[in-house]
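The following exercises concern enclosed space in a protein model and one annotated residue. Each task is followed by a worked solution.

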Amino acid sequence: MGDISNGNGNGNGIINGNGVPHGSNGNGVAHSANKNGHRKSCWYEEEIEQDLRWCFALNSILHTGASQYQDIALLDTKPFGKALVIDGKLQSAEIDEFIYHESLVHPPLLQHSNPKNIFIMGGGEGSTAREILRHKTVDKVVMCDIDEEVVEFCKSHLVANKEAFSDLRLQLIINDARAELESRQDGFDVIIGDLADPIEGGPCYQLYTKSFYESIVKTRLNEGGIFVTQAGPAGIFSHTEVFSCIYNTLRQVFKYVVPYSAHIPSYADTWGWVMASDTPFTADAEELDIRMKQRMTGENRYLDGKTFTSASILCKAVRKSLAKETQVYTEGTARFIYGYGTAHKTHST
């Protein structure tokens, strides 16, 4: 649902009122110049809901393209630096991606007593692997992403993750995560779901279902293993899209389930993650800080023990909503965040 549009020529760079890009090339990208040959201001716009759009100014459009599975764009934005956009949804931005990736990776790896073998579902941009590889206990990271073009694109363009992609502990596999986990005999201490949001027609909403968690993810976890997944928007109004349902689904599969959230400026919302295990999470804020010092290289910019404790205390309205949630995520009763994936667009055109 993301569009890239030129300014309306009134000198203030405001996006055109109807949000339709001028002269779009099919990827939501438009180029034009004024009478003097100078490029007008350019804006990225994402339709969050039918009546709500989020936009920001661009310095340039670095790349656009499409793989078999997804539309891809790399933008140089004025407020957030380089930003990766897939299927019209902002995936990560240079200035604040550390909030998302530290929150996704470090809670499960620090709660685990000795994480050695890690499996990433998705994670094609490499940032999740980068954060995992900061843990000294880790011997092997298997990163499984279905979209080779996205992975190669990110390897070429995202400089911050070049070291992670060249780390000998990282095994990169291009495959469907479900098929890969089904075919493997080895177990993992932590499995991380760094998947695209569940959008209608997208490539991976089936990887949020109870049957997948129960018959595949749980069976591939070692004793004491932990699963964590990104779980979509978790704001006071947006958490009912998929966050509450994913939380309730994991409650049907694991004994101990912890939802937590953080505000991510480039997403224009609070974001959610859910961590689950059959082993209780015993490390408190002080113990998490000790483990960070002992087991990690470098220093986190966002997450420490107190931050995680705070992140896992949701506001009253969201707590009440999660407690009342009854829907379980299945392929037949899937919830989606607003937007459509490439498969849906291909089918409907």
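**Exercise 1.** Determine how many cavities of 30 Å³ or more there are, and describe the lining of the largest cavity.

*Solution.* The model is a predicted one.

Step 1. The count comes to 3 cavities of 30 Å³ or more.

Step 2. The largest cavity holds about 420 Å³ of space.

Step 3. This cavity is lined by 30 residues, and those closest to its centre are Gly-123, Asp-145, Asp-194, Leu-195 and Ala-196.

Step 4. Two or more lining residues come from each of the strands β5 (81–86), β6 (89–93), β7 (117–122) and β8 (140–145), and likewise from each of the helices α1 (97–111) and α3 (148–157).

Step 5. By residue class, the lining of the largest cavity comprises 17 nonpolar, 8 polar and 5 charged residues.

**Exercise 2.** Locate the residue that UniProt lists for "active site", and establish whether Asp-194 is buried or exposed.

*Solution.*

Step 1. An unreviewed UniProt entry lists Asp-194 under "active site".

Step 2. Asp-194 belongs to strand β10, which spans residues 188–194.

Step 3. The relative accessible area of Asp-194 is 10%. Because buried means under 20%, Asp-194 is classed as buried.

**Exercise 3.** Identify what Asp-194 touches, leaving aside residues up to four places away in sequence.

*Solution.*

Step 1. The residues in contact with Asp-194 are Tyr-100, His-101, Leu-104, Ile-120, Met-121, Gly-122, Gly-123 and Thr-128.

Step 2. With Thr-128, the side chain of Asp-194 forms a side-chain to side-chain polar contact of 2.7 Å.

Step 3. Asp-194 is also among the residues closest to the centre of the largest cavity.

Notes. Residues numbered from 1 in each chain as written. Predicted model: local features only at pLDDT ≥ 70, side-chain atom pairs only at ≥ 80, totals over all residues. Heavy atoms only, no water. 1 Å grid on protein atoms, 1.4 Å probe; cavity = no way out; pocket = protein on both sides within 12 Å on 5 of 7 lines; lining within 4 Å. Points joined across faces, edges and corners; volume = space filled by probe spheres on them. Helix = DSSP H or I, 4+ residues; strand = E, 2+ residues; numbered from the N terminus. Nonpolar A, V, L, I, M, F, W, Y, C, P; charged D, E, K, R; others polar. UniProt positions renumbered as here; feature names shortened; annotations may be inferred. Buried < 20%, exposed > 50% of the residue type's maximum accessible area, 1.4 Å probe, protein only. Contact = heavy atoms within 4.5 Å. Polar contact = N/O pair within 3.5 Å; in protein donor to acceptor, adjacent residues only side chain to side chain.
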